[in-house]
Amino acid sequence: MDAHFFDFFHIRHLKQTHPVWRLLNADNAPLILSFCFQAFIEHNRRSVSEEILESFLTDYLLYLRETYGEENFPRSAKEYLEQWAGESCEFLRKYYPQRSEEAEYDLTPATEKVIEWLHELQPKEFVGTESRLLIIFRLLKDIVDVTEENPEERLRTLQQQKKEIEAAIEDVKHGIQCVYSPTQIRERYIQAEDTARKLLSEFRQIEHNFRALDRNTRERITKSEEAKGKLLDEIFFQHDAIRTSDQGRSFQAFWELLMSPKQQANLTHMLEKIFQLPEFNTVGQQGLLKDLYPYLLEAGERVYKINRLLASQLRKFLDDQLYLQNKRLAQLIRNAEKKIFQLKDTLSQEKHLMDIPSFKIDMNNIIARSLYVIPCKPIVSDLVQVADKLDLDMNILFNRWVIDETLLRDRIESLLQQYPKISLQQIMAHYPVEKGLSEIIAYIKIAHSSNQAHINEAETEEILFKNAHNAVQIVRLNKIVFVRGKR
């Protein structure tokens, strides 16, 4: 933990300014938190329209007034929402989506943190110590194994894992299976659901960070009087700093993992298998994990929309700058034209301001002259002999073929599903060249544009193929290896 964060003066400052503390100190904190939980968290809604939220709060206030008295909640639902979304509270975020005239509301990260903290206050049936300790061990082991640079030590670790897997296979073959007890199953499921809930909760903070970058960029553009190049350099530097930060890299890796069809299928299959267990006949179907993928997809898309808005704002800024420059240039041209017409009316026709004899420059470059070349006198014969039997296939002039790069990429992908890596020479062994040198050049083009290909300039390989006359030809080029990418 950061010791500075727990400094007395820093904590006092947080108590006075932080929205989390402000929410906990609010007189209507029970109303705000219970309503926000039911409106957003309970059904994992990322945003709610103003009309629906106001209607929901009206019904909720009616219920509370009947129970606790109308004097405890004197304001209308609209007034409460405006207050909670104001700068003095910042418990909700009110905004207008693109191409929409109706406002929408969303939770702020501060409100999400308070709700998550209240969730942690619930008395738990049991604390899953075993699963958490195993998670710690696995994470530390993963760091040690993957960062090991000694090939012998890495090989020794993999051999040990191989022995353990082979021993487990033998146990299964002999009918010996180690399965979790109902308590262990339930403990691990609760731990997974708790991690998923915290992950969804953190997305509002990630979205808030990217939105803050967008807001700061708009403010810089509006207020800045710097040169366009310098301003854009600073803006792109800030954008790249967010994208290449630990948070940005982690989110990019998360999004690629979420978009992988293989991972989607694995997640769906695992959840289906889990919910078939007897331990989840009543509880598991109601859990958060059942609809985890669409929840994560919706949360991730909102972050990507913020990035698209930032790019759109930068494009708009460049267009506006170009428009202003063109407008200024047109104004200067009009001013010059006005001056010309004024001079035309005031000056005498006989008066000359300047005489320029010619704009043309005569140049005679001796070096540019070509040497004398003896003209070739063509000999044209008037006699044209026509063969008696003309055995020529004229269709050869119209035979053309097109290299289908999509087909070549599919071949590479199908082979990489069988092998972790494969060279271009091995690809040709599976799929011989059919269209000559053009097909080989197409493979080289694919390798240069793919991040799965490695070109080893220190080694060469030979590719054999047959030309149009069925003669074998050899092409020698740098060794190209395609490697299976991470899914």
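Between which two elements does the loop that holds Asn44 lie? Asn44 lies in the loop between α3 (29–41) and β1 (48–49), where helices (H or I, at least four residues) and strands (E, at least two) are DSSP runs numbered from the N terminus. All views show a predicted model, in which local features need pLDDT of at least 70 and side-chain atom pairs count only at pLDDT 80 or more, while totals for chains, interfaces and linings use all residues. Residues are numbered from 1 along each chain as its sequence is written, and side-chain values use heavy atoms, with hydrogens and water left out.

**View A. Backbone of Asn44 in the loop between α3 and β1.** Asn44 has a positive phi of about 50 degrees, although this residue is not a glycine. Most residues other than glycine have a negative phi. Asn44 counts as buried, because its relative accessible area is 12% (buried means under 20%, exposed over 50%, partly exposed in between; 1.4 Å probe, protein chains only).

**View B. Backbone of Glu90 in the loop between α5 (77–84) and β2 (92–95).** Glu90, which is not a glycine either, has a positive phi of about 60 degrees. With a relative accessibility of 37%, Glu90 is partly exposed.

**View C. Surroundings of Thr111 in helix α6 (residues 109–120).** Thr111 is buried, its relative accessible area being 0%. Leaving aside residues up to four places away in sequence, Thr111 touches Leu23, Cys36 and Phe91, contact meaning heavy atoms within 4.5 Å. The side chains of Thr111 and Thr108 make a polar contact at 3.1 Å, that is, a pair of N or O atoms within 3.5 Å, of which, within protein, one must be able to donate a hydrogen and the other to accept it, and residues adjacent in sequence count only if both atoms are side-chain atoms.
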